[in-house]
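User: I would like to learn how to read a few features of a protein model. Please take them one at a time.

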Amino acid sequence: MIYFDNSATTQVSPEALQTYTTVSQQIWGNPSSLHNLGEKADNLLNQARAQIASLLKVQADEIYFTSGGTEGDNWAIKGTAYEKVQFGKHLITSEVEHPAVLNTMAQLEKQGFEVTYLPVDKKGQVNPADLKAALRQDTILVSVMAVNNEIGAIQPIADLAEVLTDYPKVHFHVDAVQALGKGLGEMLTHPRIDLMTFSGHKFHAPRGIGFVYKKRGRMIAPLLAGGGQEKNLRSGTENVPAIAAMAKAMRLLLTGEEAHVANQQAIRKMIYDHVTQFDKVTMFSGLDQGFAPHILCFTIDGVRGETIVHAFESHDIYISTTSACSSKKGTISGTLNAMHIPEKVATSAVRVSLDENNTLAEAKNFIQVFDQLYEKFLKINS
């Protein structure tokens, strides 16, 4: 089997799974309990928080545990909106965000908030000048993803942050779900970023766990009322086994990150160089520094994306149609739509997404199968 759908989810690493199992069996107390079992769980929770903070180069009290990317995005955006509503009701995002952001913005619009959606260029990137033009006195939040989950475009976070230096009271949220372990550490440690969202299952941790970075001093409202965990901002008994496993997975991910990124870049280039030779292929991802090392999005003209996905699946190769969150709904790529790609072309889009465990041998196998399928599709459409 060749698994090239890592932007949808990754396989839990053996080390993270072992940590999850060990903690579940040996440290099962509630970290809020006063007895010894609770104290052990609380100590482990604090150790995991400190390790994640150290890896992200922030302070431990700036890390808050969540159930994953969707909750994190909802909390960062709604939490800001509800906390700062007295100062304004204007929010800014881009047209190519994940549904967890776009649908959250749509909900807030129904509640009386106003949202400006920044356009993107042909590479799927926001122009900082458009952000500057969109900012108003009543703007309270800017939310822009670090790496696009469909084509891999890296947003100019540093340039956007520079624009926001003149607006210190505006919260700057970055959806970093696709960015961790991809050689973008300098971008993720930019001091102007106030909030960042991460999801464990994108880097070999169990599903259902994630975390939010919230800069000290930045206030957001809690979405969940309850027992007051996570400093009264995210109630609910902490999932200590999954949190410990996520900390382990993150440490492993960032150990040897440079070599991991180089490996993904080599695989991506091999596939890119081959498939772009074919007349019926349209490529939306690039090899330059404006794109993350692990994502390629392309079409075989005239063939629907789901047809391509299932054709590769018959050869035990797993890819996806752009975003996994919308692939079963039969909708076209929101990113390609924002890039003004014709619907007839966009419905053919598929995504190859890599991780540090993929190999050049797998890329060669993919290429061989691609050649067979391309000829097959050519005959069918001729």
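**Reading contacts and helix packing**

Analyst: Begin with a loop residue in this predicted model. Leaving aside neighbours within four places in sequence, Asn 358 is in contact with Tyr 3, Phe 4, Asn 6, Asn 263, Ile 267 and Ser 353. Asn 358 itself sits in the loop between β12 (349–353) and α15 (360–381).

User: Is Asn 358 buried or exposed?

Analyst: The relative accessible area of Asn 358 is 5%. Buried means under 20%, so Asn 358 is buried.

User: Which side chain makes a polar contact with the side chain of Asn 358?

Analyst: That of Glu 362, at 2.9 Å. In addition, a polar atom of the Asn 358 side chain lies 2.9 Å from the backbone nitrogen of Asp 355.

User: How does one read a residue in a helix, and what does Gln 107 touch?

Analyst: Take location, accessibility and contacts in turn. Gln 107 belongs to helix α4 (residues 99–110). Its relative accessibility is 39%, so Gln 107 counts as partly exposed. Not counting residues up to four places away in sequence, Gln 107 touches Asn 74 and Lys 78. The side chains of Gln 107 and Lys 78 make a polar contact of 2.6 Å. These two residues are 29 residues apart along the chain, and their C-alpha atoms are separated by 9.3 Å.

User: How are two packed helices described?

Analyst: By the angle between their axes and the distance between the axes. Here, helix α1 (residues 14–26) and helix α9 (residues 240–254) pack at about 155 degrees, with axes 8 Å apart. Angles over 145 degrees count as roughly antiparallel, and α1 and α9 are therefore roughly antiparallel to each other. Their crossing is right-handed.

User: Which residues of α1 meet α9?

Analyst: Glu 15, Ala 16, Thr 19, Tyr 20, Val 23 and Ser 24 do so. Their partners in α9 include Val 240, Ala 244, Lys 248 and Leu 252. The residues of this α1–α9 contact divide into 10 nonpolar, 2 polar and 2 charged.

User: At what angle do α2 and α9 cross?

Analyst: Helix α2 (residues 36–56) and α9 cross at roughly 25 degrees, and their axes come within 9 Å. That angle makes α2 roughly parallel to α9. The crossing of α2 and α9 is left-handed. Among the residues making the contact are Leu 44, Ala 48 and Leu 55 of α2, with Ile 243, Ala 247 and Arg 251 of α9. The residues of the α2–α9 contact divide into 14 nonpolar, 1 polar and 2 charged.

Definitions and conventions. Residues are numbered from 1 along each chain as its sequence is written. This is a predicted model: local features need pLDDT of at least 70, side-chain atom pairs count only at pLDDT 80 or more; totals for chains, interfaces and linings use all residues. Side-chain values use heavy atoms; hydrogens and water are left out. Axes are lines fitted to C-alpha atoms, for helices over the stretch in contact, and angles run from 0 to 180 degrees between N-to-C directions. Helices (H or I, at least four residues) and strands (E, at least two) are DSSP runs, numbered from the N terminus. Angles under 35 degrees count as roughly parallel, over 145 as roughly antiparallel, 65 to 115 as roughly perpendicular and the rest as oblique. A crossing is left-handed if the near helix is turned anticlockwise from the far one by less than a right angle, and right-handed if clockwise. Contact means heavy atoms within 4.5 Å. Ala, Val, Leu, Ile, Met, Phe, Trp, Tyr, Cys and Pro count as nonpolar, Asp, Glu, Lys and Arg as charged, and the others, Gly among them, as polar. Buried means under 20% relative accessible area, exposed over 50%, partly exposed in between (1.4 Å probe, protein chains only). A polar contact is a pair of N or O atoms within 3.5 Å; within protein, one must be able to donate a hydrogen and the other to accept it, and residues adjacent in sequence count only if both atoms are side-chain atoms.
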